[in-house]
Amino acid sequence: MFNAKAYSAASATSLLAHTPIKRRDPTPHDVQIEILFCGICHSDLHAVRNEWSSVMPTVYPIVPGHEIVGRVAKVGSAVTKFKAGDLVGVGCLVDSDRTCPNCQKGLENFCPHMTLTFNSPDKHGTAPVTYGGYSDSIVVDERFVLRIPSNLKLPGAAPLLCAGITTYSPLHRAGVTEGKKVGIVGLGGLGHMGVKLARAFGAHVVVFTTSPGKKEDAIRLGANEVVVSRNADEMKKHAFSFDFILDTVSAQHDIDQYIQLLGLGGNLTLVGGVTKPQSLSSFGLIFGNRSVSGSNIGGLAETQEMLDFCGKHNITADVEVIPIQKVNEAYERMLKSDVKYRFSIDMASLKSE
Ligand code: NAP
Ligand code: ZN
């Protein structure tokens, strides 16, 4: 094992602070990565504050972070995909059983035995649970390491590993393409990636935001139209018109108002990790053969496909790069919907700890 630097939280009410941790020495199939940037996903905040206790309780200390980009420092003797110096990424998963029907289909994100990048039992026994990307290094089996296209700037490429795949996968599955009208609810980290990707797929994109101050940015990011969702008149204009709406909101909210905007057979997909029950009207669904679904990140092959698509179209997240010492402040800003549009931690800042 070797020593690494990380930021962790000791309890649901503690601030994140510098903590030395151990990482395992690479086994034959492992890749040791020097982490250069890590995005801050709202899921990090949910987990740090144990807001998902009913679904996946947090084990403390927690080292969050699952939007990791970095450079390969070392590879194990049997690694074939990577060599020292390669630019790579790691998302929400670092392992799975590889044999279940979902793994066989490339849907490791639905493996009943998957290992999440943080807060999953650590099969290697390095620590009680896995520690994520708010750290200067990580060791991951090569099967769960992705290639980062060389043209992408790294601070903005990091958020592709979660925000990118979590929006790419449902948009892709819904067959979003030219001629489709697509709504994106919530202009945060996921939402702004959803806008960029839906536009790249050729759709007509409408952003729904609670923040009137984000209107100009929404257009700059690629939206064709912007609606302030608290304005009932603006909402009504879009009734019965959408093929697909992707809802990225991180808190309890009125989803019925979006169901009303779906056209015949339209679908609303929720990705926000809201644990409180949300009401929906059966008649909203019945009058229009509409449906509501969920979507969970994406499998490894699809994540690589998304990265290659972003490389081809030169798509990255709009990021505010911060030193890790500002992470607690960033969390408070995220809660105020004040993120433009993803924080990306520059891990060089850990050197001073
Ligand atoms: P984020 O950057 O904080 O963005 C969320 C946005 O939702 C905010 O910027 C805000 O947009 C809107 N919003 C926040 N509170 C709201 C409220 N009370 N009512 C209405 N709108 C509100 O968060 P994120 O990182 O994009 O993550 C979004 C959610 O997705 C989180 O719950 C996260 O855990 C979850 N997630 C799920 C998956 C998955 O696989 N399903 C993967 C990653 C993340 P406006 O200012 O535009 O209104
Ligand atoms: Zn995430």
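## Bridges, a zinc site and two cavities

Asp-95 and Lys-123 form a salt bridge, and their closest N and O atoms are 3.5 Å apart. Asp-95 sits in strand S6, while Lys-123 sits in the loop between strand S7 (115–116) and S8, so the pair ties together parts that are 28 residues apart in sequence. The count of salt bridges comes to 13. This is a predicted model.

Next comes the metal. Which residues are the protein donors of the zinc ion (ligand 2)? They are Cys-41 through SG, His-66 through NE2 and Cys-162 through SG. These donors lie 2.1 to 2.2 Å from the zinc ion. Along the chain, their spacing reads C-x24-H-x95-C. Cys-41 and His-66 link distant parts of the chain, 25 residues apart. Cys-41 is in the loop between strand S3 (30–40) and helix H1 (42–48). His-66 is in the loop between H1 and strand S4 (68–75).

Now look inside. Rolling a probe the size of a water molecule over the atoms shows where empty space is left. Here the count comes to 2 cavities of 30 Å³ or more. The table sets out their volumes and linings.

| Cavity | Volume | Lining by class |
|---|---|---|
| Largest cavity | About 250 Å³ | 7 nonpolar, 5 polar and 8 charged residues |
| Second largest cavity | About 90 Å³ | 8 nonpolar, 3 polar and no charged residues |

Take the largest cavity. Its lining has 20 residues. Arg-24, Val-94, Asp-122, Thr-130 and Val-139 lie nearest its centre. Three elements each give two or more residues to this lining: strand S2 (17–23), strand S6 (93–95) and strand S8 (137–141). Which of the elements gives the largest share of the lining? S8 does, with 4 residues. S6, which contributes to this lining, also holds Asp-95 of the salt bridge with Lys-123.

The second largest cavity has no charged residues in its lining. Residues that line this cavity include Gly-91, Cys-92 and Leu-93. Phe-144, Leu-146, Leu-161 and Ile-165 are also among them. So are Ile-297, Gly-298, Leu-300 and Thr-303.

Finally, turn to the outside. Where do Phe-283, Ile-286 and Phe-287 form a nonpolar patch? The patch is on the surface. Together, the three residues have about 350 Å² of accessible area. One of them, Ile-286, is found in helix H9 (residues 282–286).

Note on methods. Residues are numbered from 1 along each chain as its sequence is written. Chains are lettered from A and ligands numbered from 1 in the order in which they are written. This is a predicted model: local features need pLDDT of at least 70, side-chain atom pairs count only at pLDDT 80 or more; totals for chains, interfaces and linings use all residues. Side-chain values use heavy atoms; hydrogens and water are left out. Patches are made of residues with over 30% relative accessible area and no salt bridge: like charges are joined within 9 Å, nonpolar side chains (Val, Leu, Ile, Met, Phe, Trp, Tyr) within 5 Å. Accessible areas come from the Shrake-Rupley method with a 1.4 Å probe; for residues, only the protein chains shown count as cover. A salt bridge is a side-chain nitrogen of Lys or Arg within 4 Å of a carboxyl oxygen of Asp or Glu. On a 1 Å grid over the protein atoms alone, a cavity is a set of points where a 1.4 Å probe fits but cannot get out, and a pocket is an open set with protein on both sides within 12 Å along at least five of seven lines; lining residues have an atom within 4 Å of a point. Grid points are joined across faces, edges and corners, and a volume is the space filled by probe spheres set on the points. Ala, Val, Leu, Ile, Met, Phe, Trp, Tyr, Cys and Pro count as nonpolar, Asp, Glu, Lys and Arg as charged, and the others, Gly among them, as polar. Donors are N, O and S atoms within 2.8 Å of the metal (3.2 Å for Na, K and Ca); water is not among the atoms, so sites may look incomplete.
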